[in-house]
Amino acid sequence: MRVAIIGSGPAGFYTAYRLMSKIPDSIVDLYEQLPVPFGLARFGVAPDHPEVKNCQDKFEEVAESPNFNYIGNVRVGHDVQLSSLKAHYDAMIFSYGASEDKKLGIPGEDLHGVFSAREFVGWYNGLPQFQNLAPDLEAGDRAVVIGQGNVALDVARILLTPVDKLRHTDITEQALEYLSRSRIRQVRVVGRRGPLQAAFTVKEARELMNIENVSFEPIDPSFYPTDIKKLPRIQKRIAEVLLKGPKNPPTHASKSWALDFLKSPISFNPSPSTNNLTSITLSHQTFAPTADPLSKSASVVPTNETSTLPTSLAFRSVGYKSTALPGLSDLGVPFDTKLGIIPNDPYGRVVSPSKGPGDLAAAHVPGFYCAGWVKRGPTGVIASTMEDAFISADVVASDWESGVPFLNSAPGGEGKSTGLGWEGVREEVLGNGVRALGWSDWKRIDEVERERGGKLGKEREKFGSVDEMLGALDG
Ligand code: FAD
């Protein structure tokens, strides 16, 4: 069995691992658009969470298998067409994540000083696409983060953490330099609903609460029932952290943070003569008359009240978004633009609802599967991505063993795949002037990044551009 997996984030690696252990003679080609692997495990997870990145050790192990090929620096749908890949594989598994962000759709979103959390996170984590972001952390002393998920709290924490605490992480030197000049003293994290509906987890809240010399604006206890012990366990733990405040309240706090609830932005406002952000107008919300304010899913409605928060810096942290790969529809693979996923059955088989309305088996597009954020939507941590990738790999293996049609054995296919995999498209790709990389190339880049980091007393200093990554291979 020859399989193309598209995207080398956690979903791609865990799917490869599981599939190769279920079908020992399967050969997996893992395509990655960047020279370097690991997706958001490298470019999303916060630099001060090194333990989360330990999953990369497992991925390194997976890559040692003789049945595994890494094809880096090849962007599927651009450097190689999906239709070209199809003839050479039995199955294609999409695990290409979510590489765009949701917008709020309000005036001023493109003002100078308004960023998406995805850009900012990518910037401090060395994602080549965002190395020229140049966020102005000196324009004012306030920042506002819109959204109350873990990514929002990551952004707030990076802005508030003393730079010396970040120096030995793998945050880029450029980000350290900007952060060391930062004038930000107050970060407000704004959410549309209340604390019982917020998406962040207790670990992230606790970390933010306990940054030295950072105070927290107490939250309104009336959001909670008088006896918080009655809350479900997870909400109870978060409530304890938020109501208690910092473990060691600072006597002379140099910085502060706050959670603003029941507020939703309606415009980012510029100064009269420039394109620079100066404030955000928020519409105040209230729980819908039919909603139970203690329920996780309580909905809110706007009131007539608004307020304005002065700030020169704002981050939209309202979610990532997947998009369709070019050429998907030519292969009969649908894309749900509303949900931002490739439609799939509960196991990860790609389904085309128009093929078999109401009948998932009939709707399966043979040979196509998906895993990770492009399968479920952009939520979930690495552990849940792993569980989900295992489900996808298991269904590929069981379909293979039960003899259902695969890519080219389906009616209208060539009968059989060439089995050539990457070798079948290599010339086309190289002919397009693309420099495809193998695992040993990544290992060399990794080595040079670690050497650069070693000189600075940190684990690695990432390369900030594809050219520099490729240059490391020639130097
Ligand atoms: P991704 O990790 O996004 O991987 C997709 C890969 O596909 C990328 O490498 C991308 O370059 C590649 N790709 C895209 N398009 C193409 C193409 N056309 N051709 C080839 N390759 C392509 N989880 C935790 O457990 N702990 C944390 O602390 C944590 N922090 C996070 C912080 C942030 C800011 C974010 C955004 C997420 C965080 N997560 C965390 C969640 C975790 O990162 C995700 O669950 C996981 O990375 C999703 O895996 P994935 O493989 O589906 O997507």
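Which residues does UniProt place under the feature "binding site" in an unreviewed entry, alongside Ala11? The record lists Ala11, Glu32, Leu40, Val76, Trp373, Gly380, Val381 and Ile382; its positions are given in the numbering used here, feature names are shortened, and annotations may be inferred rather than shown by experiment. Select them together: they span 372 residues in sequence and the farthest two C-alpha atoms are 24.8 Å apart, so they do not all gather at one spot.

Before you go on, keep in mind that this is a predicted model, where local features need pLDDT of at least 70, side-chain atom pairs count only at pLDDT 80 or more, and totals for chains, interfaces and linings use all residues. Residues are numbered from 1 along each chain as its sequence is written, and side-chain values use heavy atoms, with hydrogens and water left out.

**Stop 1: helix α1**

Pick residues 10-22, which make up α1 (helices are DSSP runs of H or I with at least four residues, strands are E runs of at least two, and both are numbered from the N terminus). Alanine 11 sits in this helix and is buried, at 7% relative accessible area (buried is under 20%, exposed over 50%, partly exposed in between, with a 1.4 Å probe and protein chains only). Setting aside residues up to four places away in sequence, alanine 11 touches Ser95, Ala371, Gly372, Thr385 and Ala389 (contact means heavy atoms within 4.5 Å). Other buried residues of α1 include Phe13, Tyr14 and Leu19.

**Stop 2: leucine 40**

Jump to helix α2, residues 40-43, where you'll find leucine 40. Leucine 40 is partly exposed at 33% relative accessibility. Beyond its neighbours within four places in sequence, leucine 40 contacts Val45, Tyr320 and Trp373.

**Stop 3: another annotated set**

A UniProt "binding site" annotation, also from an unreviewed entry, covers Gln148, Gly149, Asn150, Val151, Arg192, Arg193, Glu204 and Gly380. Try glycine 149, in the loop between β7 (142-146) and α6 (150-160). Glycine 149 is buried, with 18% relative accessible area, and, neighbours within four places aside, is in contact with Ala199 and Phe200.

Now click on arginine 192, in the loop between β8 (186-190) and α9 (202-209). Arginine 192 is partly exposed at 46%. Not counting residues up to four places away in sequence, Leu262, Lys263, Ser264, Gln285 and Val300 are what arginine 192 touches.

Terms used: Expected span 1.5 Å × (residues − 1).
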